[in-house]
Amino acid sequence: MATKTTILDLPEDELVHPGNRACAGCGLSINYRIGLKALGRDTILVVPPSCLTVLQGLYPIATTQLPCLNVTFASTAAAATGVLAALKAQGRDKTIVAAWAGDGGTADIGLQALSGACERDENLIFICYDNEAYMNTGVQRSGTTPQGVITTTTPIKGKLQKKKDVTAIMAAHRLSYVATASASFPLDLYDKIIKAKTFSGPKYIHIHTPCPAGWGFDPRYSVKIGRLAVETGLYDLYEIEYSKWQLTGPSKKLIGKKRRPVTDYFNTQTRFKAMSRELIAGVQKEIDAKWEGYADT
Amino acid sequence: MRKNDFGSKKSHSEPGPGDGGKTGSWRVVRPVIDLKKCIPAKTNKMACFACWLFCPDGVVTRTIPPEIDYEYCKGCEICAEECPVDAISMIVETTLIKEEK
Amino acid sequence: MHIIESGNVAAAMGVKLARTQVVAAYPITPQTPLTEKLSEFVDSGEMEAQYIPVESEHSALSVCIAASSTGSRTFTATSANGLLYMHEQIHWAAGARLPIVMCVVNRGVGAPWTVWNDHQDSISQRDTGWIQLYVCDHQQIIDTVIKAFYLAEFVSIPVMVCYDGYLLSHTYMPFDIPDPAQVDKFLPPFTPEYMLDPARPKNLNTVTLPDTRTDIHGNTAPGYMEIRHNLHSDLRSTLTVVEEIDQKFQAVFNRGGNPYVEKYKCNDAEFIAVCLGSLSYQLRDVIDALREEGIKVGVLGLRLYRPFPHHAVIEALSGTKGVIVFEKALSYGNQGALFGDIKSALYNADRRPKIHNYILGLGGREIKTQDLLDALRNSCTDKEKMNNTPKWVGLKL
């Protein structure tokens with residue numbers, strides 16, 4: 001990372017009003033609050049339906065202090081394209097255009113428009129906050145729900161399929177900047193958005209976002225659980241700058257170190273309670289192999 | 001008819017606090033900072049502020065000492081969990097309300 | 001300047017003359033030559049616009065919705081399944097009150113696949129809150145596209161300009177290209193009351209409650225129902241504006257008129273055929289032939305379908321002996337949509353004519369003048385009992 005922002009350097013200016021409808025301990029609230037500080041006031045946001053639609057506020061009161069276009073579920077990146085085109089037509093093209101979508105709005109219903117916008121090389125920042133299910137509608141499985149997870153549409157056996165690797169899909173579009181981040185590492189997220197602003201073309205940031213209600217844990221542990229996902233090596237923080245991949249911050253420090261077992265993460269949340277020992281052992285094996293690969297790089 | 005006669009009603013919201021009301025009323029437990037333990041309060045230095053950083057609702061100030069806006073604090077307890085010196089304790093609201101009465 | 005060109009090129013020229021700032025489109029037959037022409041205009045520098053070659057029709061209208069919300073004049077075009085794929089966004093654009101103009105190059109919808117003309121695509125969008133205009137020739141296409149921007153921006157409601165696939169889109173006909181300076185005189189730049197702007201942040205199309213709610217200034221803000229009622233009442237008021245705009249256009253370009261309906265030999269007619277689009281011109285020959293047989297018949301083509309011009313329809317049809325509605329679309333399991341609209345308009349008329357419905361030309365089935373002649377003659381001479389059941393013309397099996 002080029003810059004390392006500290007808590008004291010972080011702008012004090014808050015762009016999200018308090019008294020909004022997000023649940024107590026919401027991981028999205030943390031990364032949205034920090035993310036908007038990084039985007040700054042000269043930004044236009046595009047938001048599809050998600051928990052953020054609720055957080056944003058009900059008409060006529062807006063929680064977000066930035067101009068924001070609420071759009072339909074499948075249209076996010078296309079709508080961001082439209083904002084960019086209009087700004088360009090009017091010579092207002094210094095303004096940042098950022099889309100902020102959930103995992104459904106990115107990995108599932110939003111993927112076609114996102115892929116199209118990436119191929120067209122639109123100058124947007126697309127941020128996906130991944131809480132690993134359709135939380136706003138009451139915890140249904142999504143493409144990014146991990147294997148074994150109980151949701152209201154995988155209620156007994158848990159999800160049978162693996163999590164979709166959206167970041168890899170975005171990287172395959174050969175974007176100038178792709179990164180993963182976590183709500184539990186806000187400074188790392190802040191720096192990545194600041195960095196994304198320096199690149200042209202589409203930029204993609206995928207944020208792992210703990211959800212107390214959907215994952216089944218006490219709101220008190222939102223940050224702790226997100227941190228555990230990184231510390232167990234399940235969720236890696238990295239960035240890809242013009243196809244150059246590197247682990248960042250807390251994940252980078254894990255190279256060559258003994259990681260905590262994945263059960264330390266799984267045991268904190270009720271959504272993993274259907275996972276068999278075999279499945280857990282399989283995940284641990286996969287994670288170990290992945291990190292062995294990292295050690296070689 | 002004039003152009004201004006049309007489109008008078010649209011869902012265009014304006015920024016303001018408290019869309020969800022005074023969310024402090026959601027709180028079951030209240031974070032209270034022990035200034036004897038709190039790093040910036042104790043050292044009188046701009047340091048730490050983990051509570052400010054992690055607060056999902058931005059209701060903690062980055063000041064010496066940090067202050068919590070109880071009008072909107074939802075009582076999620078993240079500040080208490082993340083405080084490196086355990087300076088924030090969560091007090092059950094009902095006991096506080098009884099004391100205040 | 002007069003030229004001979006296709007209907008799609010006429011539309012593209014209208015879009016260029018209107019100084020459209022953002023165009024987004026996805027190719028679909030028979031709309032394709034229109035968007036190809038616009039790409040050529042932009043690529044050659046002849047037109048100063050952002051052309052966005054999107055990956056779907058859903059995204060095409062999404063781009064227009066966002067660009068219009070950001071204060072730019074926008075255009076898109078599509079046909080058939082492309083229009084259906086936009087459906088969600090079509091409702092959205094009207095609800096958000098965005099003055100987008102879209103050409104619908106009418107084509108039948110699948111399944112089964114058809115690329116040929118009928119009106120099922122745009123008729124299926126009639127309840128979305130858009131203004132729908134139907135045109136009959138190339139001159140009307142280019143003029144209506146320019147007028148559509150004026151209208152859309154005046155009333156903050158999106159407009160569909162519908163014209164028949166192949167019959168108009170791919171045929172070559174002479175038309176006059178309006179003078180650019182005169183177009184500029186007629187059509188001022190787009191100046192929305194609000195556009196997305198960091199200096200004036202607003203959050204657009206947020207979740208809106210069933211009931212009214214107090215805003216940050218202490219005023220009562222509308223609920224969902226008031227916002228939707230406003231769209232409806234503004235659409236009804238649009239009827240007045242359509243006429244004013246037509247007069248303004250006539251004053252500059254010395255052509256136009258008939259903003260609601262286009263009448264042919266209706267004044268003394270005992271029977272009137274009613275339809276949308278270019279079919280009304282084809283029917284003129286039939287009218288002339290029947291008049292030679294002594295049947296007093298005329299044709300009424302609706303230029304404006306939504307908002308529905310009740311007054312013009314009642315004025316033209318009330319007091320006649322019979323009304324015969326020819327349609328290239330229908331509400332399956334019931335009757336033609338236009339037929340239902342005409343009937344409901346006449347319900348409150350002083351003198352209600354008999355009314356009959358013919359379905360024809362679906363998926364491009366050839367509409368033979370002889371078939372039209374027979375159908376119309378049968379209805380006018382009571383050979384065919386006029387009733388509520390639509391009769392199909394040109395059905396072979």
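Two residues count as being in contact here if their C-beta atoms, placed from the backbone, lie within 7 Å. By that yardstick, in this predicted model, 39 residues of chain A are in contact with 38 residues of chain C. On the chain A side, the elements that bring two or more residues to this contact are β1 (43-47), β2, β3 (68-70), α3 (76-89) and α5 (111-119). Helix α3(A) has the largest share, putting in ten residues. Sorted by class, the side of chain A that touches chain C has 21 nonpolar, 15 polar and three charged residues.

Strands join in here too. β3(A) pairs with strand β9 of chain C, residues 203-204, in the parallel sense and over two bridges. Within that pairing, C68(A) has N203(C) in β9(C) as its bridge partner.

Chain A also meets chain B, in a contact that takes 33 residues from chain A and 32 residues from chain B. Looking at it from chain B, β1 (12-15), α2 (50-54) and α3 (78-82) are the elements that give two or more residues. Of the side of chain B that touches chain A, α3(B) supplies the largest share, four residues. The class count for that side of chain B comes to 13 nonpolar, nine polar and ten charged residues. There is strand pairing at this contact as well: β2 of chain A (residues 61-62) and β1(B) run in the parallel sense and share two bridges. A62(A) is the residue that stands opposite P15(B) in β1(B).

Those pairings belong to a bigger picture, an open sheet of eleven strands with mixed pairing. Reading across, the order is β2(A)-β1(B)-β9(C)-β3(A)-β1(A)-β4(A)-β5(A)-β7(A)-β6(A)-β8(A)-β9(A). At the edges are β2 and β9 (244-247) of chain A; each has a single partner strand, so one side of each is left without a neighbour in the sheet. Further in, β6 (residues 177-182) and β7 (residues 203-208) of chain A pair in the parallel sense over six bridges. A179(A), for one, has I205(A) in β7(A) as its bridge partner. Helix α7 of chain A, residues 186-196, packs on this sheet and touches β5 (125-130), β6, β7 and β8 (238-241) of chain A. The direction of α7(A) makes about 165° with that of β6(A).

Over in chain C, there is a division into domain 1 (2-186) and domain 2 (261-392). The C-alpha centres of these two domains of chain C lie 27 Å apart. Where they meet, 22 residues of domain 1 are in contact with 20 residues of domain 2. On the domain 1 side, α6 (120-123), β6 (131-134) and β7 (159-164) of chain C each supply at least two residues. β6(C) gives the most to that side, with four residues. By class, the side of domain 1 that touches domain 2 has eleven nonpolar, seven polar and four charged residues.

Chain C has an open sheet of its own, with seven strands in the order β3-β2-β4-β5-β7-β6-β15 and mixed pairing. Its edge strands are β3 (50-53) and β15 (304-306) of chain C, each of which pairs on one side only. On average, neighbouring strands of this sheet are turned by 20° against each other, direction ignored. Helix α2 of chain C (residues 32-43) packs on the sheet and touches β2 (22-25), β3, β4 and β5 of chain C. The direction of α2(C) makes about 135° with that of β3(C).

What about β5(C), residues 101-106? Six of its six residues are buried, so β5(C) is largely enclosed by the rest of the structure. In a regular strand the side chains alternate between the two faces of the sheet. Both faces of β5(C) are covered, with V101(C), C103(C) and V105(C) buried on one side and M102(C), V104(C) and N106(C) buried on the other.

The pairings around β5(C) run parallel. Four bridges join β4 (residues 74-78) of chain C to β5(C) in parallel, and T78(C) has V104(C) as its bridge partner there. Another six bridges join β5(C) to β7(C), again in parallel, with N106(C) partnered by D164(C). β7(C) is also joined to β6(C), by four bridges and in parallel; in that pairing Y134(C) stands opposite C162(C).

Terms used
Residues numbered from 1 in each chain as written. Chains lettered and ligands numbered in written order. Predicted model: local features only at pLDDT ≥ 70, side-chain atom pairs only at ≥ 80, totals over all residues. Nonpolar A, V, L, I, M, F, W, Y, C, P; charged D, E, K, R; others polar. Pairing = 2+ DSSP bridges. Axes fitted to C-alpha atoms, helices over the stretch in contact; angles between N-to-C directions. Domains from an automatic or database assignment. Buried ≥ 20, exposed ≤ 12 C-beta atoms within 10 Å, placed from the backbone.
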